[in-house]
Amino acid sequence: MIVNCEYHDNFAALQADRDNRLGRTGQPSLFDRLDWAEHLHRLCLPDRKPALYSASANEAGHPGTAWLFLMGNGPMRLAAFANWYNFSFRPVFHNGITETHKLALLAQIARKVSRKAHRVTLSPLPDEDQSASLVERAFWQAGWVVYRRVCDQNHILSVRNRTFDEYWQSRPGQLRSTVRRKSKNSDVALRIETQFSDGAWKDYESVYAKSWKPEEGNPDFLKHLAQQEGKAGCLRLGLAYVEGKAVAAQFWTVENGVALIHKLAHDESAIKASPGTLLSAALFQHVIDQDKVRQIDFGTGNDRYKSDWMEEVRDRYELDMFWPHNPLSWPYIARNWLGELVARHRNR
């Protein structure tokens, strides 16, 4: 197989693929698209130099392409082009290519990466689709030393054709009781916006500013995302009010049968009314009964409250990979080797 592998240090070089192969029509997942990485760079990571790799080949007359979006992370070090807004990071493919083909393309990228870096760190990689395993195998075949560990967890709900009422019956009794009690004679008014508006977004920001949450990492990025997804009809912005004042807010998106819960917050002064819990129930009902999603994704983080709403937990992985022919890698490889040796000795 003849593989053409390219490296670019800017997103403009990939603009021809923005709308189809790397756009909404070509990539069903928000986090796999070029505009996600590009806006992450512009608004969140402007000081990180992109290192964008692609590999293309022709297998049995069907062209296929793989991309790996990386960024500088220190001298001769690269990392996934991702941050805390990413639910996942993985290589991106186009044209329904086989696993064997994917492996060959990624291995070629791994060889080319060795000219620029002695260390590559990727996270948070999923493996329910074999992404982590595929990257691990590709870099190992290309000669890299690869270390893999669980770095985070992802809580999801697989709807399995249930209605909201059917799903709700399986929730913990305390949660159902809270919603039932707080809904009676409640002063909480709920809204679910599907289009972006400056007024609704200001209400979201006012709640976030009064919540227990830390200061938002980059509010401009989130606002841009809400505007973008609103135009596409994918925004679900939930807001709860008491006496006309916004006291809870949640930022969701819905696309291709999957609902993503990006952000949620509530005003601690209104906690007795449980506006956040009531808003969550309303949004779950909306996306299950109206949007007919097959899955709800609560992102990364192992917060205890997520288990009240979700039913499955998936691991997210970090791959730390070293090019053994570069002396800069040797101390890290030796340290990991000694650590594994000590662990084996303790487990005897």
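**Reading surface, burial and contacts**

Trp337, Leu338 and Leu341 form a nonpolar surface patch of about 300 Å². The model discussed here is predicted.

Q: Where does leucine 338 of that patch sit, and is leucine 338 buried, partly exposed or exposed?
A: Start with the secondary structure, then turn to accessibility. Leucine 338 belongs to helix α10, residues 330-346. The partly exposed class runs between 20% and 50% relative accessible area. Leucine 338 has 46% relative accessibility, so this residue counts as partly exposed.

Q: How many disulfides are there?
A: A disulfide requires two cysteine sulfur atoms within 2.5 Å. By this rule the count is zero.

Q: Why does cysteine 151 not form a bond with cysteine 44?
A: Look at the distance between sulfurs. The closest cysteine sulfur to that of cysteine 151 belongs to cysteine 44, and because the separation is 19 Å, the two are too far apart for a bond.

Q: Are cysteine 5 and cysteine 151 buried or partly exposed?
A: Buried means under 20% relative accessible area. Cysteine 5 has 15%, so cysteine 5 is buried. Cysteine 151, with a relative accessible area of 28%, is partly exposed.

Q: Where is serine 170, and what does serine 170 touch?
A: Place the residue first, then list contacts from beyond its sequence neighbours. Serine 170 is in the loop that runs between α4 (164-168) and α5 (173-183). Not counting residues up to four places away in sequence, serine 170 touches Arg162 and Glu311. Serine 170 is also partly exposed, at a relative accessible area of 36%.

Q: Which side chain makes a polar contact with the side chain of serine 170?
A: That partner is arginine 171, at 3.2 Å.

Q: How is a separation along the chain set beside one in space, for serine 170 and leucine 279?
A: Count residues for the chain and use C-alpha atoms for space. Serine 170 and leucine 279 are 109 residues apart along the chain, and their C-alpha atoms are separated by 18 Å.

Q: Is serine 114 buried or exposed, and what does serine 114 touch?
A: A loop position does not settle the matter; check the accessibility. Serine 114 lies in the loop between α2 (99-113) and β6 (119-125), and at 16% relative accessibility serine 114 counts as buried. Leaving out residues up to four places away in sequence, serine 114 touches Trp144 and Trp323.

Q: What is glutamine 228 in contact with?
A: Apart from neighbours within four places in sequence, glutamine 228 contacts Arg24, Leu30, Asp35 and His39. Glutamine 228 is located in helix α7, residues 219-231, and is buried, with a relative accessible area of 17%.

Note on methods
Residues numbered from 1 in each chain as written. Predicted model: local features only at pLDDT ≥ 70, side-chain atom pairs only at ≥ 80, totals over all residues. Heavy atoms only, no water. Helix = DSSP H or I, 4+ residues; strand = E, 2+ residues; numbered from the N terminus. Buried < 20%, exposed > 50% of the residue type's maximum accessible area, 1.4 Å probe, protein only. Contact = heavy atoms within 4.5 Å. Polar contact = N/O pair within 3.5 Å; in protein donor to acceptor, adjacent residues only side chain to side chain. Patch = residues over 30% accessible without salt bridge, like charges linked within 9 Å, V, L, I, M, F, W, Y side chains within 5 Å. Areas by Shrake-Rupley, 256 points an atom, 1.4 Å probe, with all protein chains shown as cover. Salt bridge = Lys/Arg side-chain N within 4 Å of Asp/Glu carboxyl O.
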